[in-house]
Amino acid sequence: MADKYIDIETLKYLLYDVHQLEEVLDADRFVDHDKESLELFIDAVKDFSDRELFPFIKEMDDHPAYYKDGEIIVHEQVGVMMKKGGEMGLISGTFDYDAGGLQLPMMAYTASAFIQDAANNHLPGYAGLTIGSAELIVHFGNKELNDKYVPKMLSGEWGGTMCLTEPQAGSSLSDVVTKAIPTDSEYYKISGQKIFISGGDHQYADNFVHLVLARIEGAPAGTKGISLFVVPKKRFDDKDDLVPNDVTTVADFQKLGQKGYCTTHLGFGDTNDCHGWLVGEAHQGLKYMFMMMNGARIAVGRGAAAIATAAYQASLQYAKERPQGRKLTSTGKKNPEQGQTLIINHPDVRRMLMQQKVVAEGSLSLVLLASRYFDLKETLQDKVEIEKYSLLLELIIPMVKTYPSEMGAEAVSNGLQVLGGYGFCTDFILQQYYRDIRIFPIYEGTTGIQSQDLLGRKLLMENGKALQLLTEEVMKTIQDASKYDDIRSYANRLGEKLQLTQKVIGSLVTYAKKGDFERFLSDATPFMEFFSTITMSWIWLEIAVNAKKSIISGSKNHSEDFYESKIHAMRFYFKYELPKTTGLAEILFDNEVLTIATEKEFLG
């Protein structure tokens, strides 16, 4: 096991210096919080993660969750996570005081959850899904549903899930067939099956509150006919005692990674006695679910960034301890009489470590930026500003979910390579991180779905206003960076890439204008990579500008070496990552069509 899973100094630097958490605290909603109180909260989460999460990550991989006699058996630390998480406010953190929450800024909550994810990515999801389902009840449920279920969910006594996927309907939710039949009472009879339900059952919760998408009998076809229901594993009877609600744990899924985070197959209404209560209005279920999806997609990006961070720390430690080979001299020859050098001194190892660093730290900065936009749109009073940050958030969300997931997997792969043969062995944790992170490009909408959302919806919404707003933010950073001689050239390069972006988008939009939307979206995933890479160059230039200002001002918040390391990372990103967009642009400009199905089949 590695000794370290996170660089807490970098986390706090990005949180306070780069993304200015204290500005967000000016909002009336956060009047009870200040930097000092949030520091205490974050430090408490770090201490909790050191003691109760990080020491168990390998053990949870070695002893996966499993199905036995109609229930899922999980590691005992799941019970600790839910109990302590409830006590510490790790579940209730962002909820209103009226709901029993702490009214934390999303930025502060994201930072605390990032620490937990980096310590042990198998555990926080149990609390995370409970948070998501409780949010749906709080935002859209009536007072009775709130009073019955939310308090025990936020305390960690009860778990929660979101049940979307069905055996015949994966991402295509318009094909959901789970039924909801009205009764003479206030509840509906629910029948159907849901699969891939994360945290769907275990022995450390007294009850589970499932938020289930179902189609009321006689509802219209497609997504317009889907409603949302609270379907508890145990329901209250006439005496307010909990009784079984005909919700069955059918099986679990044994997975490539995240083996300690159970994934279940649930059955509803096998004996026609499953009661569900409508959340909000009928036929609005998918709308409600997706109104809460921004938080879920921030969480996916956050989790992937956290695993990439933990993998980088493990790789870095190994590289600093492992002697192998001799350092290459300027003459190109090695001295066999010289002792072995540590592998961190080999340029190619340093390249792989730097790639891990820029992906992990850049991804964290992107996730915190999304959290900042979330806080601003929720707390500002000016309608123009609210619209601005709402549009910016909507535009970057597909990248927030996708870039850390896809590039995080590549970064962890580089980490495994740093360890060489040992990276492939279970003696070291890199192989586990490699397996654990692979699910993140699939969670909450695959990369292909996110890419189509980015290109097909987000770039075009409000006649391109979101893209215009983001371009303005990037231009501010470019202008700021241009003031400094040693980073001006990077600002110029980013400006050139902005111009290239406009040309690429203009070329692709011609297909949409012709009504050829299949062709327009057929290369959405290469576009996602192209646009994300350029966006991340902005993220890194912003970090470098902040570091440069700190050096000039003589800031003592961090050492000069710390600030210089951030500028060096920016330079690495611009040299090794940003040039990839030239080749991606060539793909996107090419009008040859090779992936759209034709009468002839070439995949046989």
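How much area does the chain expose, and what share of it do carbon and sulfur atoms supply? Turn on the surface to set the scene: about 26,100 Å² is exposed, and carbon and sulfur atoms supply 50% of it. Keep in mind as you click around that this is a predicted model.

**Stop 1: the whole chain.** Zoom out and switch to cartoon. You'll be looking at 20 helices and twelve strands. Line the view up with the principal axes, and the C-alpha atoms fill a box of roughly 85 × 60 × 60 Å. The radius of gyration is 25 Å, which agrees with the value near 25 Å for a compact globule of 604 residues. Colour by burial next: buried residues make up 56% of the 604. If you draw a contact map, take the contacts between residues at least 6 apart in sequence; 75% of them join residues at least 24 apart.

**Stop 2: the charges.** Select the charged side chains and colour them by sign. There are 63 positive and 83 negative ones. Put a marker at the centre of each set, and the two markers will sit 6 Å apart.

**Stop 3: the largest nonpolar core.** Now hide the surface and go inside. This core holds 184 residues, and the members that touch the most others are Phe-527 and Phe-530. For the element that gives the most to this core, select residues 383-418: that's helix α12, with 16 residues in the core.

Centre on Phe-527 and show its neighbours as sticks. Leaving out anything up to four places away in sequence, Phe-527 touches Leu-454, Leu-455 and Leu-459. Its contacts also include Val-504, Ile-505 and Leu-508, along with Leu-588.

**Stop 4: the second core.** There is a separate core as well, this one of 15 residues. To find it, select Ile-190, Ala-214, Phe-229 and Phe-268, which are among its members.

**Stop 5: a loop with odd backbone angles.** Head for the loop between α14 (447-458) and α15 (465-481), where you'll find Glu-462. Asn-463 lies in the loop between these helices too. Before you check the torsions, recall the usual picture: most residues other than glycine have a negative phi. Glu-462 isn't a glycine, yet its phi is positive, about 55 degrees. Asn-463 isn't one either, and its phi is also positive, at about 55 degrees.

One last thing to check while you're here: is Asn-463 buried or exposed? Its relative accessibility is 81%, and the cut-off for exposed is over 50%, so Asn-463 counts as exposed.

Notes
Residues numbered from 1 in each chain as written. Predicted model: local features only at pLDDT ≥ 70, side-chain atom pairs only at ≥ 80, totals over all residues. Heavy atoms only, no water. Core = buried A, V, L, I, M, F, W, Y, C linked by side-chain atoms within 4.5 Å. Buried < 20%, exposed > 50% of the residue type's maximum accessible area, 1.4 Å probe, protein only. Helix = DSSP H or I, 4+ residues; strand = E, 2+ residues; numbered from the N terminus. Contact = heavy atoms within 4.5 Å. Rg over C-alpha atoms; globule rule 2.2 N^0.38 Å. Areas by Shrake-Rupley, 256 points an atom, 1.4 Å probe, with all protein chains shown as cover. Lys, Arg positive; Asp, Glu negative; His and termini not counted. Charge placed at Lys NZ, Arg CZ, Asp CG, Glu CD.
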